[in-house]
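User: Could you zoom in on one piece of this model and tell me how it fits with its surroundings? I'd like the contacts spelled out, with the cut-offs behind them.

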Amino acid sequence: MQTFRCVCGNTLFFENTSCGNCGRDVGWCPTCRQISGLDARDGGTFACVSPGCGSVVRKCLNYSQEGVCNRCIAVAGTRSGELFCDCCRLNETIPDLSVDGNRARWAQLEAAKRRLIYGLDSLGLPYGSAADGFDPPLAFAFKGDVIPSQGLWRTMGEGERVYTGHADGMITINIREADDAEREKLRVDFGEAHRTLIGHFRHEIGHYYWDLLVRDRAEDGFKAVFGDHENPDYGQALSLYYDNGAPSDWQETHVSAYATMHPWEDWAETFALYLAMAAMLDTAFHLRLVDAAPDGDLATMLARYRGLGLVLNEISREMGLLDLVPAVITDAIAVKLGFVHDMVGGARGAA
């Protein structure tokens with residue numbers, strides 16, 4: 001992720017909706033692909049004021065009316081009557097906004113989703129809705145199975161629980177994950193190094209890309225690296241994992257304990273790590289922490305990521321925080337990342 005610049009010279013960040021210096025509205029322009037200052041025009045439209053752009057745009061409805069987005073829609077070349085930006089039009093279900101606090105939780109979910117989409121675009125990965133002709137189509141559902149009451153969360157009863165997960169292109173996130181205290185409690189309960197919204201999105205999109213890139217295309221190669229996803233089946237593997245836990249030596253071959261549960265979860269956890277690596281190296285380059293942009297060489301990516309991780313982890317420890325880069329990439333894990341890297345490169349080449 002890079003930082004951006006307002007025409008007044010002030011630094012803008014990916015989540016900004018206004019410039020802290022000149023007060024101008026800002027938003028993501030789909031034409032120049034920048035967080036840019038917006039100058040109001042007639043009819044609720046704006047002009048992107050990034051140098052050399054000047055595109056006429058409208059704010060996404062979730063920006064102008066709901067305050068949970070900061071992306072715009074180009075007026076020219078857009079389907080007539082389009083109300084939502086490229087990110088928000090992938091939503092199938094949004095949280096119940098009659099519940100106090102859900103709008104703020106939704107805003108956090110959307111911010112993480114926008115970072116996910118930025119990362120996918122940076123890597124040239126394909127995705128799209130049913131209207132775009134994708135099979136499976138990508139969609140998001142943000143739901144709650146609990147009712148906040150007096151600062152607590154209560155279940156709504158048997159059969160009403162919402163599980164964060166993926167099925168046939170639909171990524172469901174339980175909005176409880178947007179509650180910082182609840183998410184940290186779950187992180188500790190499950191013994192996870194990290195538990196973040198962006199981490200959930202990166203993991204679940206990994207399942208989407210298994211369906212899109214691996215299923216019926218590269219399953220033999222997948223089995224050779226990750227294991228046989230058909231034996232045992234997912235339900236049996238899930239029961240075995242929760243009965244017995246991960247093997248004691250899981251860190252030698254897997255990026256997380258949960259990755260040992262089933263080859264699909266191993267792929268999703270490894271895919272999430274690959275997205276995190278690419279995003280961190282991109283950000284580090286734009287902030288001049290590394291001297292070159294991420295390129296197509298996995299060995300170089302791994303070397304830079306390991307070096308960056310040493311620095312960032314020591315800084316985190318000085319502040320008494322969790323390690324920012326918790327994964328130790330062994331040779332076995334590097335092989336799995338290599339398979340993901342090849343799948344991503346093939347998808348980019350076919351786009």
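Analyst: Start with K143, whose bridge partner in β13 is N174. That contact belongs to a bigger set: β9 (residues 139-143) and β13 (residues 170-174) run parallel and share five bridges. Here strands are DSSP E runs of at least two residues, helices are H or I runs of at least four, and both are numbered from the N terminus; two strands pair if DSSP finds at least two bridges between them. Bear in mind that this is a predicted model, with local features needing pLDDT of at least 70 and side-chain atom pairs pLDDT 80 or more, while totals for chains, interfaces and linings use all residues. Numbering runs from 1 along each chain as its sequence is written, and side-chain values use heavy atoms, leaving out hydrogens and water.

β9 also pairs with β8 (residues 91-93), again in parallel, through two bridges. One contact to look at there is T93, which has A141 of β9 as its bridge partner. To get from β8 to β9 the chain goes through helix α2 (residues 102-123), and this β-α-β crossover is left-handed. For the handedness call, point the strands away from you: a path from the first strand over the helix to the second that runs clockwise would be right-handed. As for cover, four of the five residues in β9 are buried (under 20% relative accessible area; over 50% is exposed, in between is partly exposed, all with a 1.4 Å probe and protein chains only).

Helix α2 has a contact of its own worth a click. E110 and K113 form a salt bridge, with their closest N and O atoms 3.1 Å apart (the rule is a Lys or Arg side-chain nitrogen within 4 Å of an Asp or Glu carboxyl oxygen). Both residues sit in α2, three residues apart, about one turn of the helix, and both are buried.

For a second pair, try D39 and R24, whose closest N and O atoms are 2.7 Å apart in a salt bridge. D39 is in β4 and R24 in the loop between β2 (11-12) and β3, so this one ties together parts 15 residues apart in sequence. D39 is partly exposed at 31% relative accessibility, and R24 is partly exposed too, at 23%. β4 (residues 34-40) pairs with β3 in the antiparallel sense over four bridges, with G27 standing opposite S36. Those two strands belong to an open antiparallel sheet of five, ordered β3-β4-β5-β6-β7, with β3 (26-29) and β7 (72-74) at the edges, each paired on one side only.
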